[in-house]
Amino acid sequence: MRLGVLDVGSNTVHLLVVDAHPGACPLPAHSHKAELRLAQLLDDDGAIGPHGVDRLVSVIKEALQAAEDKGVEEVLPFATSAVREARNADDVLERVRAETGVELQVLSGSEEARLTFLAARRWFGWSAGKLLVLDIGGGSLEVAYGIDEEPDAAASLPLGAGRLTAGWLPGDPPAPDDVRALRRHVRTEIARTVGEFSRLGTPDHVVATSKTFKQLARIAGAARSAEGPYVQRELKRESLEGWVPRLAAMTEQERSELPGVSEGRAGQLLAGALVAEAALDLFGVERVEICPWALREGVILRRLDHMESA
């Protein structure tokens, strides 16, 4: 069947269309994206303002039209941290339902981490052993660890690249004092969770997902996305530590000119790099392998599992 996953994230609204059936690898057929940056559209009270809700409704309608055009049989809609944490989340969800017919499933941070972990496990297989999975989104950082398809530990921290950029790095380039303050904040937040994972033992394989990690790996020398998903890509902590001060000294425009960095994500790259550097350091990781699959694929795989069991 042809499935569509509608991901209302903190940065983008992304429709991923795949051809899939139980027991087979989902094959991407179409991708439709719109930059919305919901995490940066929250007002001082933490609510998504009228303009943001208007844009969200409009973008979802466009995605539904794209799904219809591509012959999608079923759309799996979900939302992550920006909607989850908005003060007016219930009102936003009701308006989306009333005007588009879409009932967004709001995933908890733990569910995000667990579904991303499932995708990474299926991609790397059982031979990867104990997996530690890191995912930096627009609104949150997800961490999961385990040896099975369901992680033994999962956590979600409010350390998304978009959220941190909007709240901590107003300058272009940002002031050195702001960068240092954000670095301290990020490391304090991550350090609180390290013990929960370290007691489970050393992972056999450490995996990173998300656009932020992919872009950081690319500027550090990883293969281009055009070379396909089966090319091994990794990010070394040593390389990342060298890039952080360079990114801090760049303007948003200068970052957008780096290989693999999109104009829409360039402003968030420094915050994402600070989170990635802190996570690798505090978890004692020297290198991570980049996984092409993440949350959207996890949602698809879980749906296919339910179909097969039914």
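Here a student and a tutor talk through a predicted model of one protein chain.

Student: Happy to start with the overall picture! How compact is the protein chain for its 310 residues?

Tutor: Good place to begin. The chain holds 11 helices and 11 strands. The globule rule gives 19 Å for 310 residues, and the radius of gyration is close to that, so the chain is as compact as a globular protein of that length. The radius of gyration comes to 19 Å.

Student: What share of the residues counts as buried?

Tutor: A residue is called buried when its relative accessible area is under 20%. Applied to the 310 residues of the protein chain, that cut-off gives a buried share of 52%.

Student: Let's turn to the sheets. Which strands stand at the edges of the 5-strand sheet?

Tutor: This sheet is open, with mixed pairing and the order E3-E2-E1-E4-E5. Two of its strands have a single partner each, so one side of each is left without a neighbour in the sheet. Those edge strands are E3 (27–35) and E5 (105–106).

Student: Within that sheet, which residue stands opposite Arg 2?

Tutor: Strand E1 covers residues 2–8 and strand E2 covers residues 12–19. The two run antiparallel and are joined by 7 bridges. In E2, the residue opposite Arg 2 is Asp 19.

Student: And the other sheet: do E6 and E9 pair in the parallel or antiparallel sense?

Tutor: Both belong to an open sheet of 6 strands, ordered E8-E7-E6-E9-E11-E10 with mixed pairing. E6 (residues 131–136) and E9 (residues 205–209) share 5 bridges, and Leu 134 stands opposite Ala 208 in E9. The sense of their pairing is parallel.

Student: Which helix packs on this sheet, touching E6?

Tutor: The helix touches E6, E7 (141–146), E8, E9 and E11 (287–290). Its direction makes about 55° with that of E7. The helix is H4.

Student: Why does the end-to-end distance of H4 agree with what its 16 residues should span?

Tutor: H4 runs over residues 109–124, and the expected span takes 1.5 Å a residue. The count used is one less than the number of residues, which means that the helix should span 22 Å. That agrees with the distance between its end C-alpha atoms, 23 Å.

Student: Last one, then: which residue follows H4, and what is its phi?

Tutor: Several residues of H4 are buried, among them Leu 115, Phe 117, Leu 118 and Phe 124. The helix is followed by a residue with positive phi. The residue is Gly 125, with phi near 85°.

Technical notes:
Residues are numbered from 1 along each chain as its sequence is written. This is a predicted model: local features need pLDDT of at least 70, side-chain atom pairs count only at pLDDT 80 or more; totals for chains, interfaces and linings use all residues. Side-chain values use heavy atoms; hydrogens and water are left out. Helices (H or I, at least four residues) and strands (E, at least two) are DSSP runs, numbered from the N terminus. Buried means under 20% relative accessible area, exposed over 50%, partly exposed in between (1.4 Å probe, protein chains only). Two strands pair if DSSP finds at least two bridges between them. The radius of gyration is taken over C-alpha atoms; the globule rule is 2.2 Å times the number of residues to the power 0.38. Contact means heavy atoms within 4.5 Å. Axes are lines fitted to C-alpha atoms, for helices over the stretch in contact, and angles run from 0 to 180 degrees between N-to-C directions.
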